[in-house]
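Here is a short briefing on one protein chain. Take a look at the fold before reading on.

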Amino acid sequence: MICNAAKASLSRSGKRGQRTVVRLTAMLCAAAFVAPFPAAAETAPSPALTKKTSGQPQTDLRRKVIIDDDGFALMQLMLLGAPDVDVIGITSVTGGSWANRVTAQALKGLERAGRTDVPVAVGATYPLVNSEALTDKWEALYGKLTWKGAWMRQWVEPTKQSTPAYHGPEDAVDLPGGNPTTHPVQESAARFLIDMVHKYPGEVTIVAAGPMTNLALAQRLDPQFASLAKELVYMGGSFNPHQVIDNRSAEEFAREFANSPRREFNIRFDPEAASIVSRSPWRRITVIPVDPSTATQLTPSLRERLAQGAGPEVGASIRAQEEGFPLWDEIAAGVWLDPKIVTKHEQLYVDFDTQFGPSYGDTLSWREHYQPGVGEQKADVILAIDPQRLYALIAQTVATFGKPPAKP
Ligand SMILES: [Ca+2]
């Protein structure tokens with residue numbers, strides 16, 4: 001969930017050494033990183049022999065991940081900075097802002113992080129069925145949405161959050177810190193996703209933190225897509241969230257769920273895509289809904305703590321982030337990097353309402369035996385996490401941008 005274009009449009013920066021094959025020092029670093037988190041080690045891929053140098057076999061133990069998102073912020077830095085993780089690609093999608101802007105933000109963020117080795121593929125410009133015109137009609141019938149992403153023109157009532165600029169889907173992109181000089185790959189996001197799961201069958205985790213349009217397109221193009229991935233971790237949906245933090249920002253973000261506890265933006269923007277993905281044969285699904293995010297907040301002190309460790313360039317971009325936001329997407333990365341941050345979770349069958357009525361896009365869920373059995377999949381739904389442990393994990397991962405590159 002991204003509820004603010006300012007957050008999405010920030011350009012991340014930083015210097016980081018070129019990654020190659022994991023060497024002994026990096027492996028030790030990775031081992032130290034995952035050692036406190038045994039559950040993460042349980043999900044680590046089997047070692048694959050990847051390359052020989054000077055007669056010495058070298059093993060790439062890093063976990064492969066593709067980030068599918070409608071922005072570029074702390075979550076991307078966490079995964080790029082985690083020493084046991086290989087980000088094999090980033091795919092953009094329209095959500096908080098249009099895909100062409102998200103693509104530029106990702107390229108720019110990677111340039112500033114010194115990680116132009118990570119390919120970026122351009123994702124879907126439009127949701128499968130939903131549209132701005134349909135959203136206007138829906139609001140006339142059923143009431144105003146709190147946040148509409150790329151279609152947002154104004155807030156319903158006063159808010160601390162900045163009002164994002166309204167753009168058309170093909171408007172020229174002019175990022176605040178300058179446009180990227182690098183370019184996306186030629187293939188579309190859906191094609192890139194399909195190609196990667198075929199190239200590394202059973203090894204690729206997809207962390208999705210925007211509308212699931214690209215994943216739905218990939219599954220419809222190639223019915224093997226979901227089953228060839230290792231797992232899907234997605235931020236989306238809402239079960240029964242409550243305001244936890246007592247301040248104005250938390251109160252304002254609670255507007256999104258106070259009277260619509262089953263509605264969440266990523267899903268509501270493209271309900272049909274979310275339903276297709278929920279009914280696809282993934283080996284494993286982890287859902288990070290709104291629920292655990294209400295205990296988290298990017299406070300000025302947390303922001304400064306993260307920025308101080310991240311080096312001057314990445315640090316400056318972190319300081320530019322708007323305060324007060326729940327850490328929705330960062331929880332998704334955090335749960336994948338360290339499952340021990342989870343304090344409450346439940347196995348549920350999950351789908352989403354695609355009827356164009358008042359509950360369009362709402363989260364549907366069933367315990368075992370109650371599910372309708374029309375393809376919906378069982379998922380591990382994260383309901384609560386330890387915020388302090390998440391903050392420490394974010395600090396630990398972004399701090400890698402503040403350190404000199406490891407010597408080869
Ligand atoms: Ca997002």
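Two strands count as paired if DSSP finds at least two bridges between them. On that basis, nine strands form an open sheet with mixed pairing, in the order β5-β4-β3-β6-β7-β8-β11-β9-β10. The edges belong to β5 (120-121) and β10, each with a single partner strand, so one side of each has no neighbour in the sheet. The model is a predicted one.

**Overall make-up**

- The chain holds 16 helices and 11 strands.
- Of its 408 residues, 52% are buried.
- Take the contacts between residues at least 6 apart in sequence: 82% of them join residues at least 24 apart.

**The β5 edge**

- Strand β4 (residues 85-92) and β5 run parallel and are joined by two bridges.
- Thr91 has Ala121 of β5 as its bridge partner.
- Ala121 is also touched by Ser188, as is Val122, leaving aside residues up to four places away in sequence.
- Ser188 sits in the loop between α6 (132-142) and α7 (189-199).
- Is Ser188 buried or exposed? Neither label fits: it counts as partly exposed, because it has 19 C-beta neighbours inside 10 Å, and a residue needs 20 or more to be buried.
- Ser188 and Ala124 are 64 residues apart in sequence, yet their C-alpha atoms are 8.1 Å apart in space.

**Strands around β11**

- Strand β8 (residues 285-288) pairs with β11 in the parallel sense, over two bridges.
- In that pair, Thr286 stands opposite Asp380 of β11.
- β9 pairs with β11 in the antiparallel sense, over eight bridges.
- Here Tyr349 stands opposite Lys378 of β11.
- Helix α12 (residues 271-278) lies across β9 (342-352) and β11. The helix runs at about 105 degrees to β9.

**The β10 edge and the loop after it**

- β9 and β10 are antiparallel and share four bridges.
- Val350 stands opposite Ser365 of β10.
- Which β10 side chains are buried? Thr363 and Ser365 are, and they point to one face. Leu364 and Trp366 point to the other face and are not buried. The side chains thus alternate along the strand.
- The loop between β10 (363-366) and β11 (377-385) contains His369.
- His369 is not a glycine, but has a positive phi of about 85 degrees.
- His369 is exposed, because 6 other C-beta atoms lie within 10 Å and a count of 12 or fewer qualifies as exposed.

**Helix α16 against α15**

- The axes of α15 (residues 328-337) and α16 (residues 387-398) come within 10 Å.
- They cross at roughly 85 degrees, and the two helices are therefore roughly perpendicular to each other.
- On the α15 side, the contact is made by Glu330, Ile331, Gly334 and Leu337. On the α16 side, Leu390, Leu393 and Ile394 take part.
- By class, this contact of α15 with α16 has five nonpolar residues, one polar and one charged.

**Helix α16 against α4**

- The axes of α4 (residues 74-81) and α16 come within 8 Å and cross at roughly 60 degrees.
- This crossing of α4 and α16 is left-handed.
- Helix α4 contributes Leu74, Leu77, Met78 and Gly81 to the contact. Helix α16 contributes Ile394, Thr397 and Val398.
- In the contact of α4 with α16, five residues are nonpolar, two are polar and no residue is charged.
- Ile394 of α16 also belongs to the contact with α15.
- Why is α4 described as largely enclosed by the rest of the structure? Because eight of its eight residues are buried.
- The buried residues of α4 are Leu74, Met75, Gln76, Leu77, Met78, Leu79, Leu80 and Gly81.

Terms used. Residues numbered from 1 in each chain as written. Predicted model: local features only at pLDDT ≥ 70, side-chain atom pairs only at ≥ 80, totals over all residues. Axes fitted to C-alpha atoms, helices over the stretch in contact; angles between N-to-C directions. Parallel < 35°, antiparallel > 145°, perpendicular 65-115°, else oblique. Contact = placed C-beta atoms within 7 Å. Nonpolar A, V, L, I, M, F, W, Y, C, P; charged D, E, K, R; others polar. Left-handed = near helix turned anticlockwise from the far one by under 90°.
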